[in-house]
Amino acid sequence: MASTVDDFMLHPLVVWVKTVSKDGGLLSYADLIDGKYLNTVMAKINCRSSDVSVSNELNREVNSRIQNLDRLLKSIRVYYQDSLEQLIVMELPRIFTIAKDPVSEEAFNEIQKLLLLMLGCAVQCELKQEFVEGIKLLDIHVQHAIVNHIQEITDNNENVCSLNWGEFVDMSMEQIDLQSRNMFSHMKRIVKERDNYSETIMELSQEKDFLQVQIEGRKSISPPMSPTANRHQMTVELAETKAKLRRTRQEMEEKAEQALEYKEELDRFGQQLHKLRQEV
């Protein structure tokens, strides 16, 4: 586990992504988490994409990161689903952790998830031969680590599963049953995450209402021309709570959308499984 920024910048996935573009040679950690460079890399992977716009809000660093990383994550999800016919079932990277607390062990883990998903796109895209050749130029120890990461994202149904139902025709019934159990396990996890987000939103809503009532009460008793430090603090806390609520709602909407995708795929999988059992 990386404990410092310098350690993390030596991670094989970071070493790899720095070689993808000519602009990556002097890539700093700040550049990495900013999201602009990673969006450029994703645009190279998905060479048919025409939307590469990113945020450049220099005075709103956190918001800029959130917008750029959110755009990146959506591009990754769409590429897996539409181009590779695969569904990401691993827990998605938490972009708010990266944006708000970038120099932390949690942020390092979330960035690693992002890079792992990008690697999976790179080695399966139209330019995969170019990416593979680039990997072969890396240090031998980095190469071995990258190969393990490729297997982790392409061969593990706990992370990504295929939406190409033709692949199930050649599977044994044991493999199909295993795949079915995996899908139900993922669905159960997503539903649990959705419920947790619902509880968080409820708690934040109550906290926001409580703070707002306190602020309104202070307004009625405070002299109109002499606001107190406490009143200012409550206003700041309310603004932070509202922002946190918006972020949580956005995360919940993404989880709900993913849960719906899983449900649709489970329905299709069940129909396919029933058909295969009848044929057997």
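**Notebook: salt bridges and nonpolar cores**

I began with the pair Glu133 and Lys136, whose side chains form a salt bridge with the closest N and O atoms 3.6 Å apart. The model I am working from is a predicted one. I then located the pair: both residues belong to helix H8, 3 residues apart, which is about one turn of the helix. I looked up accessibility for each partner. Glu133 is partly exposed at a relative accessible area of 37%, and Lys136 is also partly exposed, at 49%.

**Entry: the other salt bridges**

I asked how many salt bridges the rule gives in total. The count comes to 6.

I next examined Lys44 and Glu130, whose side chains meet in a salt bridge at 3.0 Å, N to O. Lys44 lies in helix H4 and Glu130 in helix H8, so this pair ties together parts that are 86 residues apart in sequence. For Lys44 I noted a relative accessible area of 29%, hence partly exposed. Glu130 has 43% relative accessibility and is likewise partly exposed.

I also recorded the salt bridge between Glu91 and Arg94, with 2.6 Å between the closest N and O atoms. Is Glu91 buried or partly exposed? Its relative accessible area is 26%, and I entered Glu91 as partly exposed because the buried class ends under 20%. Arg94, at 31% relative accessibility, counts as partly exposed.

**Entry: the largest nonpolar core**

I turned from charged pairs to nonpolar side chains. In soluble globular proteins, nonpolar side chains tend to be buried together. Here the largest nonpolar core holds 51 residues. I looked up which members touch the most other members, and found Trp16, Tyr29, Leu32, Ile45, Ile76 and Tyr80.

I then asked which helices supply at least two residues each to this core. They are helix H2 (12-20), helix H3 (29-34), helix H4 (36-45), helix H5 (61-83), helix H6 (95-100), helix H7 (105-122), helix H8 (128-136) and helix H9 (140-154). Of these, H7 gives the most, with 11 residues.

I followed one of the core members, Ile45, further. Leaving aside neighbours within four places in sequence, Ile45 is in contact with Tyr79, Met118, Cys121, Ala122, Cys125 and Phe131.

**Entry: a second core**

I noted a second core, separate from the one above and made up of 5 residues. I listed Leu87, Cys161, Leu163 and Met183 among them.

Conventions
Residues are numbered from 1 along each chain as its sequence is written. This is a predicted model: local features need pLDDT of at least 70, side-chain atom pairs count only at pLDDT 80 or more; totals for chains, interfaces and linings use all residues. Side-chain values use heavy atoms; hydrogens and water are left out. A nonpolar core is a set of buried Ala, Val, Leu, Ile, Met, Phe, Trp, Tyr and Cys residues joined through side-chain atoms within 4.5 Å. Buried means under 20% relative accessible area, exposed over 50%, partly exposed in between (1.4 Å probe, protein chains only). Helices (H or I, at least four residues) and strands (E, at least two) are DSSP runs, numbered from the N terminus. Contact means heavy atoms within 4.5 Å. A salt bridge is a side-chain nitrogen of Lys or Arg within 4 Å of a carboxyl oxygen of Asp or Glu.
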